[in-house]
Amino acid sequence: MNKNSNFFMLRAIELSINSVKSAGGPFGCVIVKDNTIISEGFNEVTKSNDPTAHAEIVTIRKACKNINNFNLSGTEMYTSCEPCPMCLSAIYWSHIDKIYYGNTRIDAAKIGFDDNYLYKELKKNLSRRSIPMKQINQNEAKKAFEDWERKTDKIKY
């Protein structure tokens, strides 16, 4: 934990409190690189009518734009709550080095933000999930993967 961790977490918490005051969800987040906040955000789901606009996703998008790179290696995230499965996936995809969080997912469930069903769904076989999934047109879909595999100037992520 770096010497400014409490400062950064308190900023994420402040953003979460301000979000509630402005009719948003109770979540805030900052991303830090070299001991400096490079982006901050809060839950914008209802503001933007975007179910993916969680505080962590909003903040990741801003960080990537601010540094002009999709790879956030060398950064740390401070978020007011343990990330949901969607946000956690985005954190891994963006290569953030470390996550600090305030509230737990159990705390979030107690106020109506229960992600436990998502964790359970992810463990299930595809055929047993609550949203049906059916694979179609695999042969046609493979064309893009084959093109990608042959591409010599691809940018790996």
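**Reading a predicted model: a buried threonine, two loops and a pocket**

Tutor: In this predicted model, T79 is buried, with a relative accessible area of 1%.

Student: In which strand is T79 found?

Tutor: T79 belongs to strand β3, which covers residues 75-81.

Student: Why does T79 count as buried?

Tutor: A residue is called buried when its relative accessible area is under 20%. T79 has a value of 1%, and therefore it counts as buried.

Student: Which residues does T79 touch?

Tutor: Leaving aside residues up to four places away in sequence, T79 touches M9, A12, G28, C29, E56, I99, Y100, Y101 and G102. With G28 there is also a polar approach: a polar atom of the T79 side chain lies 3.5 Å from the backbone oxygen of G28.

Student: How much of the whole protein is buried?

Tutor: Of the 157 residues, 31% are buried. The protein exposes about 10,700 Å², and carbon and sulfur atoms supply 55% of that area.

Student: How many helices and strands are there, and in what pattern do they follow one another?

Tutor: The protein has 7 helices and 4 strands. Along the sequence, they follow the pattern α-β-β-α-α-β-α-β-α-α-α.

Student: I should now like to consider the loops. Where does D34 lie, and is it buried or exposed?

Tutor: D34 lies in the loop between β1 (28-33) and β2 (36-42). Its relative accessible area is 66%, so it counts as exposed, the cut-off being over 50%. D34 also has a positive phi of about 50°, although it is not a glycine.

Student: What is the phi of H95, and where does this residue lie?

Tutor: The phi of H95 is near 65°, again a positive value in a residue other than glycine. H95 is located in the loop between α4 and β4 (98-103). At 31% relative accessibility, H95 counts as partly exposed.

Student: How does one find empty space in a structure?

Tutor: Rolling a probe the size of a water molecule over the atoms shows where empty space is left. In this model, the largest pocket has a volume of about 580 Å³. It is lined by 30 residues, of which H54, C84, D115, Y117 and L118 are the closest to its centre. The elements giving two or more residues to this lining are α2 (45-48), α3 (55-67), α4 (85-94) and α6 (116-123).

Student: Which element gives the most to the lining of the largest pocket, and what classes of residue are present?

Tutor: α6 gives the most, with 4 residues. By class, the lining has 17 nonpolar, 7 polar and 6 charged residues.

Conventions:
Residues are numbered from 1 along each chain as its sequence is written. This is a predicted model: local features need pLDDT of at least 70, side-chain atom pairs count only at pLDDT 80 or more; totals for chains, interfaces and linings use all residues. Side-chain values use heavy atoms; hydrogens and water are left out. On a 1 Å grid over the protein atoms alone, a cavity is a set of points where a 1.4 Å probe fits but cannot get out, and a pocket is an open set with protein on both sides within 12 Å along at least five of seven lines; lining residues have an atom within 4 Å of a point. Grid points are joined across faces, edges and corners, and a volume is the space filled by probe spheres set on the points. Ala, Val, Leu, Ile, Met, Phe, Trp, Tyr, Cys and Pro count as nonpolar, Asp, Glu, Lys and Arg as charged, and the others, Gly among them, as polar. Buried means under 20% relative accessible area, exposed over 50%, partly exposed in between (1.4 Å probe, protein chains only). A polar contact is a pair of N or O atoms within 3.5 Å; within protein, one must be able to donate a hydrogen and the other to accept it, and residues adjacent in sequence count only if both atoms are side-chain atoms. Contact means heavy atoms within 4.5 Å. Accessible areas come from the Shrake-Rupley method with a 1.4 Å probe; for residues, only the protein chains shown count as cover.
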